[in-house]
Amino acid sequence: MGPLKRIVGTMDRYVYEDILENTMRPWARANLGRSCVFQQHNDPKHTSGHVANWFRRRRADLLEWPSQSPDLNPIEHMWEELERRLKVVRASNANQKFAQLEAA
């Protein structure tokens, strides 16, 4: 799935592109090689022309994701599992919470 990336504030298409370029692309090249296919859902920041252009420029393979489809993205299951694991753990601030998420 890749590394956990902390987002401060609201993620928009520019923040998403930065994550793709500076976190996911280097991680994928180091761990998956050129044979990977990137999966995302139909969130507007994911489907923006700005992000689509990033995928074209990088010649990155992108899994087709039909509109109006049920959310079959496996990352949702990962978030559910993290929530379950951290349900009994309290964090006093955002830094502590992020550290707990990384550890889990």
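**Entry 1: E17 and R57**

I looked up the pair E17 and R57 in this predicted model, and I found their side chains meeting in a salt bridge, with 3.1 Å from N to O. E17 belongs to helix α1 and R57 to helix α3, so this pair ties together parts that are 40 residues apart in sequence. I then checked how accessible each partner is: E17 has a relative accessible area of 17% and is buried, whereas R57, with a relative accessible area of 41%, is partly exposed.

**Entry 2: other salt bridges**

I noted a count of six salt bridges, and I followed some of the others. E21 forms one with R25, where the closest N and O atoms are 3.3 Å apart. These two residues are four apart in helix α1, which means that about one helical turn separates E21 and R25. Both came up as partly exposed, E21 with a relative accessible area of 23% and R25 with 25%. I also saw that E21 and R25 are linked with R58 in a network of salt bridges.

In helix α4, which covers residues 75-86, I looked at R84 and E81, which lie three residues apart, about one turn of the helix. Their side chains meet in a salt bridge at 2.5 Å, N to O. R84 has a relative accessible area of 53% and is exposed, while E81, at 27% relative accessibility, counts as partly exposed.

**Entry 3: the nonpolar core**

I next asked myself which residues make up the largest nonpolar core. I found five residues there, namely Y16, L20, V51, W54 and F55. Helices α1 (13-31) and α3 (49-58) each supply at least two residues of this core, and α3 gives the most to it, with three residues.

I followed F55 from this core further, setting aside residues up to four places away in sequence, and I noted that F55 touches L20, F38, Q40, A60 and L62. L20 is thus a contact of F55 as well as a member of the core.

**Entry 4: Q100**

Last, I turned to Q100, which I placed in helix α5, residues 94-103. Is Q100 buried or exposed? Its relative accessibility is 14%, and because buried means under 20% relative accessible area, Q100 counts as buried. I then looked up its contacts, leaving aside neighbours within four places in sequence, and I found Q100 in contact with L86, V89, R90 and A91. One of these contacts, L86, falls in helix α4, whose residues are 75-86.

Terms used
Residues are numbered from 1 along each chain as its sequence is written. This is a predicted model: local features need pLDDT of at least 70, side-chain atom pairs count only at pLDDT 80 or more; totals for chains, interfaces and linings use all residues. Side-chain values use heavy atoms; hydrogens and water are left out. A nonpolar core is a set of buried Ala, Val, Leu, Ile, Met, Phe, Trp, Tyr and Cys residues joined through side-chain atoms within 4.5 Å. Buried means under 20% relative accessible area, exposed over 50%, partly exposed in between (1.4 Å probe, protein chains only). Contact means heavy atoms within 4.5 Å. A salt bridge is a side-chain nitrogen of Lys or Arg within 4 Å of a carboxyl oxygen of Asp or Glu.
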